[in-house]
Amino acid sequence: MKTLRFLVIGKNIEILDTLKRVIENNEGWKAETMNDENACYDYIREHQPNIILLSSGLEDKFEKEIKVFCEDFDGKIKVIDHYGGGSGLLKNEVYSIFPNLQP
């Protein structure tokens, strides 16, 4: 199975911690979390995650900018707007982008 690397960006630390646990409960899924929008650009350049997961508390301007940045930097980096809904919804969002990973 392919390892998926996530960068989860949001403002609520408790939600970020929960998302990290939910993501890493899946075999081959690894997550880093950040609540500093400015620092995430360097992280993306250095680590090239497969998925950027946008969580709650981010401004619309940043969300638009990070999507453009990821597309311009590496069109393979996928961005998911995720504002809750549980682990089932998260899995469906990921599998819709990477259907070949469905069990």
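## The β-α-β unit

In this predicted model, E1, H1 and E2 form a β-α-β unit that is right-handed. The two strands of the unit, E1 and E2, run parallel to each other and are paired over 6 bridges. One of these pairings involves Val-8, whose bridge partner in E2 is Thr-33.

## Nonpolar cores

The largest nonpolar core contains 16 residues. Leu-4, Phe-6, Val-8, Ile-23 and Val-94 are the members with the most contacts inside this core. At least two core residues come from each of strand E1 (4-9), helix H1 (13-24), strand E2 (29-34), strand E3 (51-54) and helix H4 (86-97). The three elements of the right-handed β-α-β unit, E1, H1 and E2, are thus among the contributors. In soluble globular proteins, nonpolar side chains tend to be buried together.

Phe-6 illustrates the surroundings of one core residue. Beyond its neighbours within four places in sequence, Phe-6 is in contact with Ile-23, Trp-29, Lys-30, Ala-31, Glu-32, Pro-49, Ile-51 and Val-94. Two of these partners, Ile-23 and Val-94, are also listed with Phe-6 among the residues with the most contacts inside the core. Another core, of 15 residues, lies apart from the largest one. Its members include Met-34, Cys-40, Ile-52 and Cys-70.

## Salt bridges

There are 5 salt bridges in the structure. One of them joins Lys-11 to Glu-37, with 2.8 Å between the closest N and O atoms. Lys-11 sits in the loop between E1 and H1, while Glu-37 belongs to helix H2 (residues 37-47), so this pair ties together parts 26 residues apart in sequence. The accessibility of the two partners is as follows: Lys-11 is partly exposed, at a relative accessible area of 38%, whereas Glu-37 counts as buried, at 17% relative accessibility.

Another salt bridge links Asp-81 and Lys-67, at 2.9 Å from N to O. Asp-81 is part of strand E4 (residues 78-81) and Lys-67 is part of helix H3 (residues 60-73), so the pair connects parts that are 14 residues apart in sequence. Asp-81 counts as partly exposed, with 32% relative accessibility, and Lys-67 counts as partly exposed, with 33%. A further salt bridge, between Glu-24 and Lys-20, has its closest N and O atoms 3.2 Å apart. Both residues lie in helix H1, separated by 4 residues, or about one turn of the helix. Glu-24 is partly exposed at 34% relative accessibility, and Lys-20 is partly exposed at 26%.

## Cysteines

How many disulfides does the model contain? The count is 0. A disulfide is a covalent bond between the sulfur atoms of two cysteines. For Cys-40, the closest cysteine sulfur is that of Cys-70, at 7.7 Å, which is too far for a bond. The cut-off applied here is 2.5 Å between the sulfur atoms. Seen from the other side, Cys-70 has its closest cysteine sulfur in Cys-40, and the distance of 7.7 Å is again too far for a bond.

Are these two cysteines buried or exposed? Cys-40 is buried, with a relative accessible area of 0%, and Cys-70 counts as buried, at 1% relative accessibility. Both cysteines are members of the core of 15 residues.

Terms used. Residues are numbered from 1 along each chain as its sequence is written. This is a predicted model: local features need pLDDT of at least 70, side-chain atom pairs count only at pLDDT 80 or more; totals for chains, interfaces and linings use all residues. Side-chain values use heavy atoms; hydrogens and water are left out. A nonpolar core is a set of buried Ala, Val, Leu, Ile, Met, Phe, Trp, Tyr and Cys residues joined through side-chain atoms within 4.5 Å. Buried means under 20% relative accessible area, exposed over 50%, partly exposed in between (1.4 Å probe, protein chains only). Contact means heavy atoms within 4.5 Å. A salt bridge is a side-chain nitrogen of Lys or Arg within 4 Å of a carboxyl oxygen of Asp or Glu. Two strands pair if DSSP finds at least two bridges between them. A crossover is right-handed if, with the strands pointing away from the viewer, the path from the first strand over the helix to the second runs clockwise.
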